[in-house]
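Work through the exercises below with the structure open beside you. Try each task before reading its solution.

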Amino acid sequence: MILRRGFLKRLLALVALPLLPATAVAATPPRVVGGWVLTDRDLTEIARLDR
Amino acid sequence: LIVDAAGPDRSAFERPFDLCVIGAGPAGITLARRAAAQGLSVALMEAGGREITAESQEIYEGEVVGRDYWPLDVSRLRYLGGSSGHWGGWCRSLDPVDFQAKAWNPWSGWPIGPQDLAPYAAEADAIIGLPPQPADAAPVDGFREVFFRYSDPPVNFGEKFAGEIEDSDRIALGLNANLVDLRLSSDMGEVRGAVFKSLDYWDRGFTVRAKAYALCCGGIENPRLLLNFASQATAGIGNGADLVGRFFAEHPHYSLAEALFRADPPAEQELRFFSPTEEFIDAEQVLNFGLRHERMPVPIVVQPGTVAGEPACDDPFILRLAEKVAEVTPACGPGGTGPIDFDGRLRIAHEQALNPDSRVRLAEGRDALGLRRAALDWRLSELDARTVRTAVLGYARSMAERDTGRARLRDWVLPDPIAWPDTTQDEVAGKHHMGTTRMAADPARGVVDADCRVHGIGNLYIGGSSVFATSGHANPTYTIIQLTLRLGDRLGKVLKG
């Protein structure tokens, strides 16, 4: 489980603070969400866990 | 020989010299030593003394009329050794790509190439006291790790070479000698004398005569002096094409993003530099840059909201999301402002786009010598903004895809137009003053030719970063030394021939 790795857990904690809902600036990589430059995997993981 | 030109005995400067070098900073001292080593007699004239004084520094006061910038009397030093008295010792040569003309950066391209400066690398290394230059690393995702060398402690050219100059029978160094005019021949094709005064109001001055003259006073002072000397050439000396003072370039320095890094690097890797490959520059049509990847020994603590410029986390949805996604209690409660701790940041120092409207002009106010002060109108352009965005987005994407870290851009980077920080918010610039007497083979495109000789004036040369045709991203001192060694060799051939 990827979230058990401290790095991504910490990253997601920060992304999920006031930053996540901001408008995506770029539709193609690099994907910018709330100022964060994230991979599709990052976003997929966040979305999956938010269900 | 060292003479206080503010004193009663100036007889050392009554004889004609082969070369008169004006300004005893890194460029002027290097040029004087190189010329003397070839047997030339040199008058090396320095406006300041052996120590920094408020009276001398005051001449450097000027106006900042463009982008916010450091006070002009703070960003440079007016004494023996010049601005080497406060440099950080960072050294790197220009990259080969810096010499090339690029269509998206009009006016770019040098009339010389890296092969013209390479022969002076070993001597420059010896002067500055540098270890061998490590090779750049193999590129990854369009970025290659590059390495600076450091003069450690940074060489103060005045302190290092004053003894040698004092013992020299070929160099006469005049201190407290302020250049107040260059007298031209009647056809304005040659300089016939350089007029100096001390800061004593009653001083009537004295003239130094030489076969050739070299102005080595820095990227703001060189154009200020040339523009001031308008009694014969009404637009200023060397300014027939209205280019003196234009193309003022800095190395803009900004923090672009905070970052989380996956792994703790070895201590020696806490500060790393990445530059674009030529293919990246051409594909993205941007300028050269050095992206600084800094792991901070203690976390950078940032209040939510201050990084993003967004409201603090008082949105219940956000809090719910954070709790569910991260399985942690968010650092901030409703309405709270808990800190975010980042591991480091991404900073940039980049080449500045060539812009004729970014310039040094003359202000209305005058200094103690009666010369008009400098007015700095520094301007950044859309190409500068695109370079910054492309650099940080490209590097942050590479970092994410390689899973070495994630970056969060500062809120000023993406909006259009970009909201450049000012000097209250960031370092802004490197105090590197370049381009104001730029080099070009065509007199319509530059102030000096490939030999650093002012177009149209047979015996006037310019040393220092004001001749840079483009700025690259690397600190300028190393290239200044290479260029002035080359100029010294040229003058040796011309004046002895």
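The exercises that follow deal with chain B of a predicted model.

**Exercise 1. Describe the make-up of chain B and how much of chain B is buried.**

Solution. Start with the secondary structure: chain B has 10 helices and 21 strands. Next, take the burial of its residues. A residue counts as buried when its relative accessible area is under 20%. Of the 497 residues in chain B, 61% are buried. Then turn to the surface: chain B exposes about 18800 Å², and 50% of that comes from carbon and sulfur atoms. Last, look at the contacts between residues at least 6 apart in sequence; in chain B, 74% of these join residues at least 24 apart.

**Exercise 2. Compare the span of helix α10 of chain B with the expected span, and decide whether α10(B) is mostly covered or not.**

Solution. Helix α10 of chain B covers residues 477-496, which is 20 residues. The expected span is 1.5 Å times one less than the number of residues. For α10 of chain B this gives 28 Å, and the distance from the first C-alpha to the last, 28 Å, is close to it. As for cover, 16 of the 20 residues of α10(B) are buried, so the helix is mostly covered.

**Exercise 3. Find out which parts of chain B the salt bridge between B:R224 and B:D367 ties together, and whether its partners are buried or exposed.**

Solution. Side chains of opposite charge can pair when their charged atoms come close. In the pair B:R224 and B:D367, N and O are 3.1 Å apart, and the cut-off for a salt bridge is 4 Å. B:R224 lies in helix α6 (residues 221-228), while B:D367 lies in the loop between β17 (359-366) and β18 (372-377), so the bridge ties together parts 143 residues apart in sequence. B:R224 has a relative accessible area of 1% and is buried. B:D367, at 6%, is buried too.

**Exercise 4. Classify the partners of the salt bridges B:E364 with B:R372 and B:E190 with B:R192 by exposure.**

Solution. Over 50% relative accessible area means exposed, and partly exposed lies between the two cut-offs. The closest N and O atoms of B:E364 and B:R372 are 3.2 Å apart. B:E364, at 65%, is exposed, whereas B:R372, at 23%, is partly exposed. Salt bridges that share partners also form a network, which joins B:R76, B:E221, B:R224 and B:D367. In the other pair, B:E190 and B:R192 meet at 3.7 Å, N to O. B:E190 is partly exposed at 34%, and B:R192 is partly exposed at 47%.

Terms used. Residues numbered from 1 in each chain as written. Chains lettered and ligands numbered in written order. Predicted model: local features only at pLDDT ≥ 70, side-chain atom pairs only at ≥ 80, totals over all residues. Heavy atoms only, no water. Helix = DSSP H or I, 4+ residues; strand = E, 2+ residues; numbered from the N terminus. Buried < 20%, exposed > 50% of the residue type's maximum accessible area, 1.4 Å probe, protein only. Salt bridge = Lys/Arg side-chain N within 4 Å of Asp/Glu carboxyl O. Contact = heavy atoms within 4.5 Å. Areas by Shrake-Rupley, 256 points an atom, 1.4 Å probe, with all protein chains shown as cover.
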